[in-house]
Amino acid sequence: MTETLILAAILIPCLIIAIVFHEVAHGWAALALGDPTAKEKRRLSFNPIRHVDPIGTLLVPGALALFGGPVFGWAKPVPVNPRRLDNPRYGMMAVAAAGPGMNIALAFLAAIIVGIAAAFATNWGTSLPEWALTAFTYFILINTFLALFNLLPIPPFDGSHILGGLLPQKWARHWQKLQALGMTLILVIIAAAWIFPEARWIEKTIWPTVMWIMEFFAGIAQSVELALS
């Protein structure tokens with residue numbers, strides 16, 4: 001029970017930071033490209049409460065965890081008005097990419113901090129506390145997974161907006177119509193992962209890349225530690 005509480009105390013702040021920064025990055029990018037909607041709606045805030053979706057952040061993941069399903073959820077999307085962007089088509093691509101980009105940047109920064117902290121610990125004749133190493137590892141893992149998962153070209157994930165911007169105009173209009181099916185697709189994904197756990201589609205599609213990037217960040221941390229030791 002104690003280990004579970006400790007793990008929760010580590011995971012929950014890591015997840016909140018990753019999600020809030022992800023959403024705020026969308027708003028920042030939109031503002032920089034001409035759309036102040038997120039700012040007007042007071043969503044350029046690091047207050048987690050402003051980004052909570054009662055269903056996606058609380059009800060769905062809570063129910064899934066209670067009934068033993070795959071824990072899955074989402075935050076309240078930052079409002080973006082494509083018509084207010086300087087270049088709606090490519091602006092939406094940049095806004096969509098900003099969220100995953102922020103998560104990768106957070107993971108990169110965490111890897112550097114781990115390297116610096118490990119170097120100082122070594123110079124003082126000790127090592128990083130296990131809880132600190134665990135916290136940073138989960139923080140990097142959560143941000144890496146969140147970035148890659150959101151880059152999947154499935155509406156309404158960020159990857160679908162990026163793909164829509166890359167498609168020819170004729171195809172892009174048809175692709176845009178699929179965005180309305182986003183919630184249905186998400187529910188299908190959750191149900192499929194729950195009903196057919198042996199399919200392990202996440203492990204087969206995203207996890208190998210996540211592990212490769214985790215090794216990359218581990219290498220960065222080690223390089224920083226060696227440089228400062």
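1. A good place to start is Val 20, which counts as buried at 5% relative accessibility, under the 20% cut-off. Val 20 sits in helix α1, which covers residues 2–32. Leaving out residues up to four places away in sequence, Val 20 touches Ser 45, Phe 46, Pro 48 and His 51. With one of these, Ser 45, the C-alpha to C-alpha separation is 8.3 Å, across 25 residues of chain. Please keep in mind throughout that this is a predicted model.

2. Now for the overall picture. The secondary structure comes to ten helices and zero strands, so from the N terminus on the elements read α-α-α-α-α-α-α-α-α-α. Of the 229 residues in the protein, 38% count as buried. Among contacts with a separation of 6 or more, 72% are between residues 24 or more positions apart.

3. Helix α1 also has a partner in α5: their axes come within 9 Å and cross at roughly 40 degrees. The pair is therefore oblique, as an angle of roughly 40 degrees is not under the 35 degrees needed for roughly parallel. The crossing of α1 past α5 is right-handed. On the α1 side the contact is made by Leu 7, Ile 10, Leu 11, Cys 14, Leu 15, Ile 17, Ala 18, Ile 19 and His 22. Facing them from α5 are Trp 131, Thr 134, Ala 135, Tyr 138, Phe 139, Ile 142, Asn 143, Leu 146 and Asn 150. By class, this contact has 14 nonpolar, four polar and no charged residues.

4. Helix α5 (residues 130–150) meets α10 (residues 207–228) as well, with axes that come within 10 Å and cross at roughly 135 degrees. Here too the two helices are oblique to each other, and the crossing is right-handed. From α5, the residues involved are Thr 137, Ile 140, Leu 141, Thr 144, Phe 145 and Leu 148. Their counterparts in α10 are Trp 207, Thr 209, Val 210, Met 211, Ile 213, Met 214 and Phe 217. The contact residues divide into ten nonpolar, three polar and no charged.

5. How are α4 and α6 oriented to each other? They are roughly antiparallel: the axes of α4 (residues 88–123) and α6 (residues 158–166) cross at roughly 150 degrees, and angles over 145 fall in that class. Those axes come within 8 Å, and the crossing is left-handed. Helix α4 contributes Arg 89, Tyr 90, Met 92, Met 93, Ala 96, Ala 97 and Pro 100, while α6 contributes Asp 158, His 161, Ile 162, Gly 164, Gly 165 and Leu 166. The class count is eight nonpolar, three polar and two charged residues.

6. While you are looking at α6, Ser 160 deserves a glance, as it lies in that helix. Is Ser 160 buried or exposed? Ser 160 is buried, with a relative accessible area of 1%. Setting aside neighbours within four places in sequence, Ser 160 is in contact with Leu 152, Pro 153, Ile 154, Pro 155, Trp 175 and Gln 179.

7. On to the aromatic residues: a search of the whole structure finds eight aromatic pairs. The rings of Trp 212 and Phe 216 have centres 6.4 Å apart and planes at 10 degrees, so this pair is stacked. Both residues belong to α10 and lie four residues apart, about one turn of the helix. Trp 212 is exposed, with a relative accessible area of 58%, whereas Phe 216 counts as partly exposed at 44%.

8. Ring pairs also link Phe 145, Phe 149, Phe 157 and Trp 207 into a cluster. Two members of that cluster are familiar from point 4, as Phe 145 and Trp 207 are among the residues where α5 meets α10.

9. Finally, a backbone detail to look at. Which residue other than glycine has a positive phi near 60 degrees? That residue is Arg 42, found in the loop between α2 (37–40) and α3 (54–66). At 54% relative accessibility, Arg 42 counts as exposed, since the cut-off for exposed is over 50%.

Definitions and conventions
Residues are numbered from 1 along each chain as its sequence is written. This is a predicted model: local features need pLDDT of at least 70, side-chain atom pairs count only at pLDDT 80 or more; totals for chains, interfaces and linings use all residues. Side-chain values use heavy atoms; hydrogens and water are left out. Axes are lines fitted to C-alpha atoms, for helices over the stretch in contact, and angles run from 0 to 180 degrees between N-to-C directions. Angles under 35 degrees count as roughly parallel, over 145 as roughly antiparallel, 65 to 115 as roughly perpendicular and the rest as oblique. A crossing is left-handed if the near helix is turned anticlockwise from the far one by less than a right angle, and right-handed if clockwise. Contact means heavy atoms within 4.5 Å. Ala, Val, Leu, Ile, Met, Phe, Trp, Tyr, Cys and Pro count as nonpolar, Asp, Glu, Lys and Arg as charged, and the others, Gly among them, as polar. Rings of Phe, Tyr and Trp (its six-membered ring) pair if their centres lie within 6.5 Å; planes under 30 degrees apart count as stacked, over 60 as edge-to-face and the rest as tilted. Buried means under 20% relative accessible area, exposed over 50%, partly exposed in between (1.4 Å probe, protein chains only).
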